[in-house]
Amino acid sequence: MATSLEKWVDEVAKLTKPVKIYWCDGSEEEAHRLIEVGMKEEKIAGEPIFHELNHKTFPNSYYHRSHSTDVARTEHLTFVCHPDKEMAGTNNNWMDPNEAKSKMTKLSDGCMKGRTMYVLPYTMGNPMSPYSKACIQLTDVSYVAVSMRIMTRMSKDAIAKIGSSEDFVKGIHSVGDFDPEKRFVMHFPDEHLVWSIGSGYGGNALLGKKCFGLRIASWLGKQEGWLAEHMVIVGIEDPSGKITYIAAALPSACGKTNLAMLESALPGYRVWTLGDDIAWMNVGDDGRLWAINPEAGFFGVAPGTSMKTNPNMIRTLKAGKFYPTLFTNTALNTDTNEPWWEGLDGMAPKNMTDWQGKRYNPASGQKAAHANSRFTASISQCPTLSKEFDNPKGVPISAVLFGGRRAHLIPLVAESRDWAHGVFIGARMASETTAAAIQKEGVLRRDPMAMLPFCGYNMADYFAHWLSIGKKLKHPPKIFSINWFRTDDDGKFMWPGFGDNIRVFKWIIDRVNDKVGARETSIGKLPRIEDLDLDGLTIEKDIIEKLFEINPAEWEQEVADSEQFFAKFGARMPKELTDQLSGLKSRLKIGG
Ligand code: GTP
Ligand code: SPV
Ligand code: MN
C-alpha cells in the first residue's frame, strides 16, 4: 500500500509531468552527481547551472548565474492563502485558497516536462529535537536540490520520521520558464503546504527557509505557543568563560550573518555561532526562552564580505569539504576562476565577467557582482560553530535584540523598560530597504521584528502573541534595540560596526548579568558613555554622544509615523501597545 507521501508525490508528478522522479538520500556522493548533472545536462537560458570554481583556493565550490530577472525575493508575488482574509492581515498579500490552487494547477500543468523531479526529504532542526519538523520538497532543478542539501538536514531519516503519517510539510517547486509574469509563491498554512513556481532564488525556492521556516512556522507557533523569528542566535563568551546566549532580529541584508560569527575586537570575548537567519523559540519548563536554529547552512549576502569585515565567513567559504559551497550571481575572475564581489579584500581583478556573464568594464559605473549576490555554505564549516548547535533542546536566550538600518534617530543601543515595552520597540521597528527583495532600495519602511515579509498571519495578532509569550516566561530575556547604521551629515556611518559591535554586546551581557548600570531616558535605558568599553578604538567623544542623541523633532515624527502604522491594524491592535505609544508620547512631552 502506498503511503500518503508516495500518493502525494504521484499526484504532483501526474500534474507536472517530469520525465523522471528521483528520490534524494542527501549523501555527499549524490550531491556531486547532481552538480555533474547541473554542469553537463541541465541549463538555464542555454547556460549550464553550475561551473566548477578554482578548487585550490575555494575547495568544492561551484558558481551559478541565475536567470537575469530572478535575483531576489518577490514580495509582491508572495501570497498567504488562509480561508479567512482577516487572518492573513494587511501585512500579507492574500488569495482565497481555492482560487490559488486552481491558478497554480493551471500554471503547473506539464511544467516539469523534459525535466527530473527531485524528491527532497529533510528535517528543519535536529531530527532528535522535539521542535524539529519533517518536510518534503519537490523541485525540478539541481541547483535547488544541492542548495537544500546544504541548508537543511537532508536524509532518508525524514522519510522514516514521516512513515505512514499524513502530517508532513509539503513544498512543490518548479522553475517553470522563469517568466516573472507567471511567478508565484503561495502559502497554504492550514495544509502545511508551500507551492512556488517561476523562480530559483533562495527565499522563493528553498521552501524550508522563509516559506516554511517563518511564514508557516509563525502560524504554527501562534497556535502552539512558540515563536518562529527572523533572528540570528549567538553565544557570547566573556573573559570568565561564561557564555550568554542572545537572539537578534535584523531585516534582510542588515547584518545578521555578520553578527552570527563576529570576530571580537575586545580581547577575552568570543562569539559562538548557532544560526544566522531563523530562530524557533519555545518556552522551556524552567520558564526561560529556548532557541534552536532549524537550518543547517548559510545563504548569505556576498558584497561587503571580506577578511576585514567578516573573516569567519571567508574561512567558512574556503572550507568546502563534505558539502559544496555555491556562489550565485557574484562576478567571476576569469584569470583565476575565483568568485569576486565588491568589498572583497584586495584589488579588483583585471579580467572578469559580471553577474550576467558579460565581460566587466570598470568604466561602466555598474557593479560587477549583483548587490544581492549570495553564497550557500554549510554551517558545519564555520570555525566559530557553537558546540550547542545540534543540541535538541536549543540554548536559553538571555537577551533579544531588535535592529535595523536607521540613518537617524535610533541609538546605537537601548534597553527596553520591560517585556511589553520591548515588544513595542520591536513592533515599531523600521529599516531602509535593501536589495534582498525586488523593490526600491533605501526607502524607510516599518518592518516589525524584521518579520514584515515573513509573518504568515495578521501582524496585530502576532504582536498579541509576543505579548502572551512574555506572560508565560518566568525569566524573560531582556529586550534591546540596536542600530549600527546611524550616519553623520556627510552620510557616513558613525559607528565602525562589524568586530567592534562586540563593545555593544559587552554592555548588553553586562546588563543581563547585572554587572553594569544604565541611565533612564524617555525612550529606554541607555548606557552611560563611561560604561562602554571603547579601548583601542579611535572615535571622537562627540561622535559617541551623537550615536545616543535623542532629537525631539525626529522623535515627534517617529511617534506620529508609528501611530499611523499601528492604526492600519484597526481594532485588532493590542491595547498594551497603543498604551505604550501613549506612554512614550507623555515621556517625550508630545501632544501633552
Ligand atoms: P539576510 O541574509 O538578507 O537576512 O541578511 P543579513 O541580515 O544576514 O545581512 P548580512 O550580515 O549579510 O549583511 C548585509 C550587509 O550589511 C553586508 O554588505 C554587510 O557588509 C553589511 N553590514 C553588516 N554588519 C554591518 C555593520 O556592523 N556595519 C555596517 N556599516 N555594515 C554592516
Ligand atoms: C532574506 O532576504 O532575508 C534572506 C535571503 O535571508 S532569502 O533566503 O532569500 O530570504
Ligand atoms: Mn534573512
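How far from an oxygen atom of ligand 1 does a polar side-chain atom of Lys-256 lie? In this predicted model, the separation between that side-chain atom of Lys-256 and the ligand oxygen is 2.8 Å.

## Polar contacts of ligand 1

The contact made by Lys-256 is accompanied by two others, one from the backbone and one from a side chain. A backbone N or O atom of Thr-257 lies 2.8 Å from an oxygen atom of ligand 1, and an N or O atom in the side chain of Asn-258 is likewise placed 2.8 Å from an oxygen atom of this ligand. Of the accessible area of 660 Å² that ligand 1 has on its own, the protein covers 91%.

## The shell around ligand 1

Ligand 1 takes up the space of the largest pocket, and the elements that give two or more residues to its shell are α9 (256-260) and β20 (297-301). Of these elements, α9 gives the most, with three residues. There are 22 residues around ligand 1, and those that come nearest are Ala-253, Lys-256, Thr-257, Asn-258 and Arg-374.

Sorted by class, the shell around ligand 1 holds ten nonpolar, eight polar and four charged residues. In terms of domains, at least three residues of the shell are drawn from domain 2 (229-296 + 387-588), and at least three from domain 3 (297-381).

## Polar contacts of ligand 2

For ligand 2, the contacts again involve both side-chain and backbone atoms of the protein. A backbone N or O atom of Gly-203 lies 2.7 Å from an oxygen atom of ligand 2, while an N or O atom in the side chain of Tyr-201 is found 3.2 Å from an oxygen atom of the ligand. The side chain of His-230 also takes part, with an N or O atom 3.3 Å from an oxygen atom of ligand 2. The protein covers 98% of the 280 Å² of accessible area that ligand 2 has on its own.

## The shell around ligand 2

The residues around ligand 2 number 13, and Arg-73, Tyr-201, Gly-203, Lys-210 and Ser-252 are the ones that come nearest. Two helices, α7 (202-205) and α8 (208-224), each supply at least two residues of this shell, whose composition by class is four nonpolar, four polar and five charged residues. The space taken by ligand 2 is, as computed, the largest pocket.

Where does ligand 2 lie with respect to domain 1 and domain 2? Ligand 2 lies between them, because domain 1 (4-49 + 67-224) and domain 2 (229-296 + 387-588) both give residues to the shell around it.

Notes:
Residues numbered from 1 in each chain as written. Chains lettered and ligands numbered in written order. Predicted model: local features only at pLDDT ≥ 70, side-chain atom pairs only at ≥ 80, totals over all residues. Heavy atoms only, no water. Near = heavy atom within 4 Å. Polar contact = N/O pair within 3.5 Å; in protein donor to acceptor, adjacent residues only side chain to side chain. Areas by Shrake-Rupley, 256 points an atom, 1.4 Å probe, with all protein chains shown as cover. 1 Å grid on protein atoms, 1.4 Å probe; cavity = no way out; pocket = protein on both sides within 12 Å on 5 of 7 lines; lining within 4 Å. Sits in = over half its atoms within 2 Å of the grid points. Helix = DSSP H or I, 4+ residues; strand = E, 2+ residues; numbered from the N terminus. Nonpolar A, V, L, I, M, F, W, Y, C, P; charged D, E, K, R; others polar. Domains from an automatic or database assignment.
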